[in-house]
Amino acid sequence: MAILEVSDLKQYFYLEPTFLARLVGGKKPRVIKAVDGMSFSMEPGEILGLAGESGCGKSTCCLAIAKLREPTGGIIRYKESDIAEMSKKEIRNYRSEVQLIFQDPYESLNPRYTAFDLVAEPLRALTDKSKAEIKERVNETITLAGLTPDEYKNRYPHQMSGGERQRVGIAQALVLEPKLVIADEPLSMLDVSIRAGILDLIRDLSEQMNFSCIYVSHDLSILSNISERLMIMYLGRIMELGVTKEVITDPHHPYARALIAAVPIPDPAYKRPIPNIRGEVAQPIDPPPGCRFQTRCLQVMDVCRDTEPPLKDVKPGHAVACHLY
Amino acid sequence: MILEIENLKTHYQTEKGVVKANDGISLSIDENEVVGLAGESGCGKSTLIRTLIRLVPKSAHVTADKMEFKGQDILSMPDKDFREKILWQGIGLVPQSAMNALNPVYRVGDQCSEAIQAHTDYNKAECERIVEKLFDAVGLQAGMMKAYPHEFSGGMRQRSMIAMSLVLNPALVIMDEPTTGLDVLVQERILRNIKEIRKMSESSVSILLITHDISVIAEMSNRIGIMYAGRLMEFAESMELFNDPYHPYTLGLKNAFPSIQALDRELISIPGSPPSLLGDLPGCLFSYRCPFVIPECEKARPPDLEIKPGHFVHCIRTDHVEEFRKLAGDKKTWQSSKSAT
């Protein structure tokens, strides 16, 4: 049974020009299609990598899944129930089973809370555990996150390093034993030498506690290391989705190929190929008909200009949205 | 030799004591060479840049045995001379988050020619011609000179900053995290632009590239320095540094850095975090996180040993390197360091 099923998710934002701009400048309302028809599903315990350039809709997609924003269209099913039609009680339960790990541990922790209070907050808000139970659970979770409770529980965020703060952020997300964790670039603010530790932590805990994880990042080298399946997005749509190793070593979509070719390699002897792509990333405002990658694709055909390619399997478990296949 | 620094120290006097942000850095940059400096946040990368272009605050105490740019002493040179002769004409700068460094109310082309007008007596048309040529070199259309910064994407702004740093044909350009925060395809384009500029420029340009991204450093640099806690831990030719690393910190960083070319390699982090730069720590500053530490490491500052010609290592245990290299690939090794236990 899939833990999460997203079908045809759409999130549009409407740009309404002011009355004056419409009257004098003749400006028309425009639509930003941040997410425009995404469908995928996740199995329990799976780590799914979500890659794409900034502005491609990665975070918007996550916000909709976390039920922090009502999508314009499409259905998100969690354990087979539509999250848009949940009762208040079910929503409360959903909030405790779906948790977020944020990008910036310097911004996302309340500076006036101690580590203990930060981790206890979700328990206090969403469960009716007693003080003693909360204390026990918090200490347990802080230990799981790789910190010693005695040393850290009374510290404020400013008394911790970035890596320690991110561990508190992870403890915060895991204290309710969630079934789905959305990690939005949890490493981008951290130093290289400690990144691997946080990656291991997420991977090990996901196995231990059996939660699924959507790992969002623009860094393909990190995603290739942590995720089991990899999803590459471009302007609100999935371009390629498959087992990480297959997508990285044998990318099919011209965009995925360019993206992977552009990743620098920590080896001075490596000669990186020049990615086959032109232009710069377009805006998802009133996209033209057809494939949204057509403006940057070097293999563009006539059919790309009027028909949007569907995401279809090229191999079992490896799907590509391109007319070439 | 474009730049020669020996034993550079930048110490900040703060209320809590002396912060040794740069503590004994020696490096050199040859003509037409890219030197990359890698290091974590707080390792003194940015202080080094600020010291080189005199942007350190007044409270900073800068000393060096030698700090020469093209044979001129730039440590004792009067401020006025430094501003007029060295900055822009000798040393160009692409600042960190250069994307936000442009003035939003001036046209980008005008901002680029401002430096030319301030330092030379070229007329407007000549200035424009220079900027146009550089815009072309970084892949921006000449028409974009008339645009305002908000009309540019992040990558275009960054490229215009690179063009700006080159307007007066400096012999050295310092680039502080030139691609950090940019998407990988935009980063690729900028790195390619930098390579092209080096090929086309009539008078050669050297680059001091500072970033935390080891893969960018590996791709761009002729020589690489690894910084930690205000000191250079290892400095060598890039191939040499990657194939024959000596310092335990370099070994650790290599294992911690992911690569899409090595999907099955396990990543190993270095437990702990860098030490406070406040006050006097007698020994090696990496000793607290080093799994190969012995009591001697904490007693005295290690010398910068020249292991092979041009390969410097800030470590006293280089004779055990074979053993270290073997052990560094094992996760357990790193969990034995003081900071992990």
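**Exercise 1. Overall form of chain B**

How many helices and strands does chain B have? Determine also whether the radius of gyration of chain B agrees with that of a compact globule.

*Solution.* The structure is a predicted model.

Step 1. The secondary structure of chain B comprises 11 helices and 13 strands.

Step 2. For 341 residues, a compact globule would have a radius of gyration near 20 Å. Chain B has 21 Å, and the two values therefore agree.

Step 3. Along the principal axes, the C-alpha atoms of chain B fill a box of roughly 65 × 50 × 40 Å.

Step 4. Of the 341 residues in chain B, 50% are buried.

Step 5. Consider the contacts in chain B between residues at least 6 apart in sequence: 67% of these join residues at least 24 apart.

**Exercise 2. Packing of two helices in chain B**

Characterise the packing of α3(B) and α4(B) by angle and axis distance, then state which residues make the contact.

*Solution.* Two packed helices are described by the angle between their axes and the distance between the axes.

Step 1. Helix α3 of chain B spans residues 108-119, and helix α4 of chain B spans residues 124-137. The angle between them is about 120°, and their axes are 9 Å apart.

Step 2. Angles of 65 to 115 degrees count as roughly perpendicular, and those over 145 as roughly antiparallel. The angle of about 120° therefore makes α3(B) oblique to α4(B).

Step 3. The crossing in which α3(B) passes α4(B) is right-handed.

Step 4. From α3(B), the contact involves Gly109(B), Cys112(B), Ser113(B), Ile116(B) and Gln117(B). From α4(B), Cys127(B), Glu128(B), Ile130(B) and Val131(B) take part.

Step 5. Sorted by character, the residues of this contact are 5 nonpolar, 3 polar and 1 charged.

**Exercise 3. Positive phi in chain A**

For Asp8(A), give the phi value, the location and the exposure class; do likewise for Lys79(A) with respect to phi, location and exposure.

*Solution.*

Step 1. Asp8(A) has phi near 50°, a positive value in a residue other than glycine. Asp8(A) belongs to strand β1 of chain A, which covers residues 4-15.

Step 2. A residue is exposed if 12 or fewer other C-beta atoms lie within 10 Å of its own. Asp8(A) has 12 other C-beta atoms within 10 Å and is therefore exposed.

Step 3. Phi of Lys79(A) is near 45°, again a positive value in a residue other than glycine. Lys79(A) occupies the loop between β4 (73-78) and β5 (81-82) of chain A.

Step 4. With 15 other C-beta atoms within 10 Å, Lys79(A) is partly exposed.

Technical notes
Residues are numbered from 1 along each chain as its sequence is written. Chains are lettered from A and ligands numbered from 1 in the order in which they are written. This is a predicted model: local features need pLDDT of at least 70, side-chain atom pairs count only at pLDDT 80 or more; totals for chains, interfaces and linings use all residues. Axes are lines fitted to C-alpha atoms, for helices over the stretch in contact, and angles run from 0 to 180 degrees between N-to-C directions. Helices (H or I, at least four residues) and strands (E, at least two) are DSSP runs, numbered from the N terminus. Angles under 35 degrees count as roughly parallel, over 145 as roughly antiparallel, 65 to 115 as roughly perpendicular and the rest as oblique. A crossing is left-handed if the near helix is turned anticlockwise from the far one by less than a right angle, and right-handed if clockwise. Two residues are in contact if their C-beta atoms, placed from the backbone, lie within 7 Å. Ala, Val, Leu, Ile, Met, Phe, Trp, Tyr, Cys and Pro count as nonpolar, Asp, Glu, Lys and Arg as charged, and the others, Gly among them, as polar. A residue is buried if 20 or more other C-beta atoms lie within 10 Å of its own, exposed if 12 or fewer, and partly exposed in between; C-beta atoms are placed from the backbone. The radius of gyration is taken over C-alpha atoms; the globule rule is 2.2 Å times the number of residues to the power 0.38.
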